[in-house]
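Biologist: I'd like to learn how to read a structure like this one. Could you walk me through it, feature by feature?

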Amino acid sequence: MEYLRDVRDEDFIVLISDWKEQIIDMFENSNKYNLYDTIWEMSIQAFDKPREVQVVIDANSNVFISVGSPGFVTFGGQDEQVIGMKFPVKEWIHTHPFGKAYFSGTDMNTIFMYQNHMEKATVLGDGERSEYLFKVEKGNDRVEHITYVR
């Protein structure tokens, strides 16, 4: 069993030791919807309690993954996870393990900060997915917000 530290610097237990590898394998070998399902499942099942997981797919289609607390995720304290990340980000995906797929105030701050360097932001909830799509072209910026419910 692997022990990690969360954003509050508290230890927590990893129950599924290959949780990152399962996400990467799904990204490399399956479709986007199976990837979303796997990220959600790892967020709920891979740790001592449900925790936010974030996955960033960079400009070179490399995958960067981190885990946080039940209500917050960052790469802070897991800085080695972002070495080599290239912009623009193709997609930033993260979970809300408490169930609702919505963009919180913290999420919106992240989006506003990176929207010119990100193509898509996705939040996963229990049976829900919400997305922001960014199209930035000279003189023709467009942002779409879409929510899907299964």
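Modeller: Let's start with strand pairing. In this predicted model, β5 and β6 (residues 120-125) run parallel and are joined by four bridges. For one rung of that pairing, look at W92, whose bridge partner in β6 is A121.

Biologist: Which way does β5 run relative to β3, parallel or antiparallel?

Modeller: Antiparallel, and four bridges join β3 to β5. Find V55 and you'll see I93 of β5 standing opposite.

Biologist: What kind of unit do β5, α3 and β6 make?

Modeller: A β-α-β unit, and a right-handed one. To judge the hand, you point the strands away from you and follow the path from the first strand over the helix to the second; clockwise counts as right-handed.

Biologist: How many residues of β5 are buried?

Modeller: Five of the five, so β5 is largely enclosed by the rest of the structure. The cut-off for buried is under 20% relative accessible area. Now check the two faces of β5: E91, I93 and T95 are buried on one side, and W92 and H94 are buried on the other.

Biologist: And how do β6 and β7 pair?

Modeller: In the antiparallel sense, over six bridges. Together β6 and β7 form a hairpin with two residues between them. In the turn, G127 has a positive phi of about 75 degrees. By the turn you can also spot G125 standing opposite E128 in β7. As for burial, β7 is mostly covered, with six of its eight residues buried.

Biologist: Let me zoom out for a moment. How many helices and strands does the chain have?

Modeller: Three helices and eight strands. Reading from the N terminus, the order is β-β-α-α-β-β-β-α-β-β-β. The chain has 150 residues, of which 41% count as buried. You can also ask how far apart in sequence the touching residues are: among contacts between residues at least 6 apart, 49% join residues at least 24 apart.

Biologist: Now the interior. Which residues touch the most other members of the largest nonpolar core?

Modeller: That core has 19 residues, and the ones with the most fellow members in touch are W19, I23, I39, F47, V53, V55 and I93. At least two core residues come from each of β2 (11-14), α1 (19-29), α2 (32-45), β3 (53-57) and β4 (63-67). The top contributor is α2, with five residues. There is also a second, separate core of 14 residues, with V89, M108, I111 and V123 among them.

Biologist: What does W19 contact, if I skip its neighbours within four places in sequence?

Modeller: V14, M42, A46, F47, V53, I65, S66 and V67. W19 also belongs to an aromatic cluster with F12 and F47. While you're looking at F12, find R51: its charged end sits over the F12 ring, 3.9 Å from the ring centre.

Biologist: How many aromatic pairs does the structure hold?

Modeller: Seven. To read a pair, look at the distance between ring centres and the angle between planes. F98 and Y102 make a tilted pair, 6.3 Å centre to centre with 50 degrees between the planes. F98 is partly exposed at 48% relative accessible area, and Y102 is partly exposed at 40%.

Biologist: Why is the pair of F103 and Y132 called edge-to-face?

Modeller: Their planes are at 65 degrees and their ring centres 5.0 Å apart, so the pair is edge-to-face; the angle cut-off for that is over 60. F103 lies in the loop between β5 (91-95) and α3 (105-114), while Y132 is in β7 (residues 128-135), so the pair ties together parts 29 residues apart in sequence.

Biologist: Are those two residues buried or exposed?

Modeller: F103 counts as buried at 11% relative accessibility, and Y132 counts as buried at 17%.

Biologist: One last stop: where does T147 lie?

Modeller: In strand β8 (residues 142-149). T147 counts as partly exposed, at 45% relative accessibility. Leaving out residues up to four places away in sequence, T147 touches R129 and S130. Now compare sequence with space: T147 and Y102 are 45 residues apart along the chain, yet 8.3 Å apart C-alpha to C-alpha.

How values were computed: Residues are numbered from 1 along each chain as its sequence is written. This is a predicted model: local features need pLDDT of at least 70, side-chain atom pairs count only at pLDDT 80 or more; totals for chains, interfaces and linings use all residues. Side-chain values use heavy atoms; hydrogens and water are left out. A nonpolar core is a set of buried Ala, Val, Leu, Ile, Met, Phe, Trp, Tyr and Cys residues joined through side-chain atoms within 4.5 Å. Buried means under 20% relative accessible area, exposed over 50%, partly exposed in between (1.4 Å probe, protein chains only). Contact means heavy atoms within 4.5 Å. Rings of Phe, Tyr and Trp (its six-membered ring) pair if their centres lie within 6.5 Å; planes under 30 degrees apart count as stacked, over 60 as edge-to-face and the rest as tilted. A charge sits over a ring if NZ of Lys or CZ of Arg is within 6 Å of the ring centre and within 35 degrees of the ring normal. Two strands pair if DSSP finds at least two bridges between them.
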